[in-house]
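Reader: I should like to learn how a protein model is read, feature by feature. Where does one begin?

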Amino acid sequence: MALIKCPECGKENVSDTAKTCPNCGFIFTHMKKRDKKIFAVVGGVAAFVVILLVVKLLLSGTSPAGKATKIIETDLGYSIDVINIYYNEEQQGCVVEFYGNGIKETACVYLDDNKVGYESIYNQYIEQSNNAVTNEEKQKCAQRVVAYPYNVYWILNLTMNGTNDESGWEKIK
Ligand SMILES: [Zn+2]
């Protein structure tokens with residue numbers, strides 16, 4: 001047992017096991033040395049985990065896979081489950097296969113200008129183009145197909161089929 005000084009009234013020689021000051025009634029909050037140690041260790045571990053998470057978040061935001069995922073999620077407005085990501089550094093393009101809202105989708109993401117195109121929408125445009133009747137309509141649909149940012153998928157497709165010599169694609173996830 002040690003003797004302490006009351007931090008409230010300044011009375012000396014108060015037992016450190018006392019719950020309150022016998023002079024002023026001030027309630028001591030006892031924290032044993034062992035508790036302090038545990039508190040410090042737990043606090044240290046928690047701080048370390050937070051630092052790791054922040055570093056991971058920063059890194060994932062800058063890697064091609066992290067960037068591509070973020071661009072899609074921002075565009076769709078919900079989070080996705082990535083299946084595969086292929087990356088082409090020269091094209092600054094990613095082909096991302098993912099599940100979003102339970103539906104399997106493929107997206108082409110252009111990292112340099114944050115553009116994204118989806119297989120389902122691209123296929124819709126192709127279908128509309130095929131169903132177009134008048135020349136004017138055909139032309140309009142064809143332009144929309146060409147302008148839709150889905151080109152990089154075909155470059156990957158050609159590479160995977162071995163008909164494109166200029167590879168440059170790597171599977172990054
Ligand atoms: Zn006191």
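**Reading the model**

Author: Let us begin with one residue: Gly93 counts as buried, because it has 25 C-beta neighbours inside 10 Å. Please keep in mind throughout that this is a predicted model.

Reader: What number of neighbours makes a residue buried, and what number makes it exposed?

Author: A residue is buried if 20 or more other C-beta atoms lie within 10 Å of its own, and exposed if 12 or fewer do. Gly93 therefore passes the first cut-off with its 25 neighbours. Of the 173 residues in the protein chain, 14% count as buried.

Reader: Where is Gly93 found, and which residues does it touch?

Author: Gly93 belongs to strand 4. Leaving aside residues up to four places away in sequence, Gly93 touches Asn88, Cys108, Val109, Tyr110 and Val152. A distance in space may also be set beside a separation in sequence: Gly93 and Val116 are 23 residues apart in sequence, and their C-alpha atoms are 9.6 Å apart.

Reader: How many helices and strands does the protein chain have, and in what pattern do they follow one another?

Author: There are five helices and seven strands in the protein chain. Along the sequence they follow the pattern β-β-α-α-β-β-β-β-α-α-α-β. The protein chain is more spread out than a compact globule, because its radius of gyration is 31 Å, well over the 16 Å that the globule rule gives for 173 residues. Taken along the principal axes, the box filled by its C-alpha atoms is roughly 100 × 35 × 25 Å.

Reader: What is the order of the strands in the open sheet, and how are they paired?

Author: For a sheet, one reads the order of the strands and then their direction. The open sheet here has five strands in the order 6-5-4-3-7, with antiparallel pairing. Strand 6 and strand 7 (169-171) stand at the edges with a single partner strand each, so one side of each has no neighbour in the sheet. From one strand to the next, the twist averages 25°.

Reader: How many bridges join strand 3 to strand 4?

Author: Seven bridges join these two antiparallel strands. One example is Asp81, whose bridge partner in strand 4 is Tyr99.

Reader: Which helices lie across these strands, and at what angles to strand 4?

Author: Helix 2 lies across strands 3, 4, 5 and 6, and runs at about 55° to strand 4. Helix 5 lies across strands 3, 4, 5 and 7, and runs at about 95° to strand 4.

Reader: Which residues of the largest nonpolar core touch the most other members?

Author: That core has 20 residues, and those touching the most other members are Ala68, Ile72, Tyr86, Cys94, Val95, Val96 and Val109. Helix 2 (64-76), strand 3 (81-88), strand 4 (93-100), strand 5 (103-110) and helix 5 (151-160) each supply at least two residues of the core. Strand 4 gives the largest share, four residues. As for Val96, its contacts beyond four places in sequence are Ala68, Ile72, Val82, Ile85, Ala107 and Val109.

Reader: Finally, what is the phi of Asn101, and is this residue buried or exposed?

Author: Asn101 has a positive phi of about 55°, although it is not a glycine. Asn101 lies in the loop between strand 4 and strand 5, and it counts as exposed because it has 9 C-beta neighbours inside 10 Å. Asn114 has a positive phi of about 60° and is not a glycine either. Asn114 is placed in the loop between strand 5 and strand 6 (115-118), and it is exposed, with 12 other C-beta atoms within 10 Å.

How values were computed
Residues are numbered from 1 along each chain as its sequence is written. This is a predicted model: local features need pLDDT of at least 70, side-chain atom pairs count only at pLDDT 80 or more; totals for chains, interfaces and linings use all residues. The radius of gyration is taken over C-alpha atoms; the globule rule is 2.2 Å times the number of residues to the power 0.38. A nonpolar core is a set of buried Ala, Val, Leu, Ile, Met, Phe, Trp, Tyr and Cys residues joined through C-beta atoms within 7 Å. Two residues are in contact if their C-beta atoms, placed from the backbone, lie within 7 Å. Two strands pair if DSSP finds at least two bridges between them. Axes are lines fitted to C-alpha atoms, for helices over the stretch in contact, and angles run from 0 to 180 degrees between N-to-C directions.
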